[in-house]
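Please find below a short note on the model you sent. The points can be read against the sequence and the coordinates.

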Amino acid sequence: MIDAFSLVIGLTLAVAGWFLCRDYSRFLRGSYAVQGKVASIQQVFVSRKPSSENGSEPLVKNGFYPVIEYPSKDGLVRFTAIDQNASG
């Protein structure tokens, strides 16, 4: 009797764990994945301005940075790595 009870409890927990893992992986794929595209490339040249802090590094380095665009419920969202507020 106890062996059958342990078997039923074990199977129940295994099936519940399988459903939880399946639903959690679906949640992660849906919440982190965004269908975006590179809309353009932005060229940046940083000029060294005297600052109050000695030895401070600029936010971005000279180069080319992609402008990413993705749809949201409020419309298209565009950002690039040179935007201090959106690059984090």
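The points below cover the sheet, one residue within it, and a surface patch.

1. Basis. The model is predicted, and the remarks here should be read with that in mind.

2. Sheet order. The sheet is open and built from three strands, arranged as β1-β2-β3 with antiparallel pairing. Its edges are β1 (37-44) and β3 (75-80), each of which pairs on one side only. On average, neighbouring strands of this sheet are turned by 25° against each other, with direction ignored.

3. Pairing of β1 with β2. Seven bridges link β1 and β2 in the antiparallel sense. One residue pair can be named at this point: Val-44 has Gly-63 of β2 as its bridge partner.

4. Tyr-65. This residue belongs to strand β2, which covers residues 63-72. Is Tyr-65 buried or exposed? Tyr-65 counts as buried because its relative accessibility is 16%, and the cut-off for buried is under 20%. Between the C-alpha atoms of Tyr-65 and Thr-80 the distance is 6.7 Å, although the two residues are 15 apart along the chain.

5. Surface patch. Which residues form the nonpolar patch on the surface? They are Phe-5, Ile-9 and Leu-13, and together they have about 330 Å² of accessible area.

6. Ile-9. Within that patch, Ile-9 sits in helix α1, which spans residues 2-32. Ile-9 has a relative accessible area of 38%, so it is classed as partly exposed; that class lies between the limits of 20% for buried and 50% for exposed. A value of 38% also meets the patch requirement of over 30% relative accessible area.

Terms used:
Residues are numbered from 1 along each chain as its sequence is written. This is a predicted model: local features need pLDDT of at least 70, side-chain atom pairs count only at pLDDT 80 or more; totals for chains, interfaces and linings use all residues. Side-chain values use heavy atoms; hydrogens and water are left out. Patches are made of residues with over 30% relative accessible area and no salt bridge: like charges are joined within 9 Å, nonpolar side chains (Val, Leu, Ile, Met, Phe, Trp, Tyr) within 5 Å. Accessible areas come from the Shrake-Rupley method with a 1.4 Å probe; for residues, only the protein chains shown count as cover. A salt bridge is a side-chain nitrogen of Lys or Arg within 4 Å of a carboxyl oxygen of Asp or Glu. Helices (H or I, at least four residues) and strands (E, at least two) are DSSP runs, numbered from the N terminus. Buried means under 20% relative accessible area, exposed over 50%, partly exposed in between (1.4 Å probe, protein chains only). Two strands pair if DSSP finds at least two bridges between them. Axes are lines fitted to C-alpha atoms, for helices over the stretch in contact, and angles run from 0 to 180 degrees between N-to-C directions.
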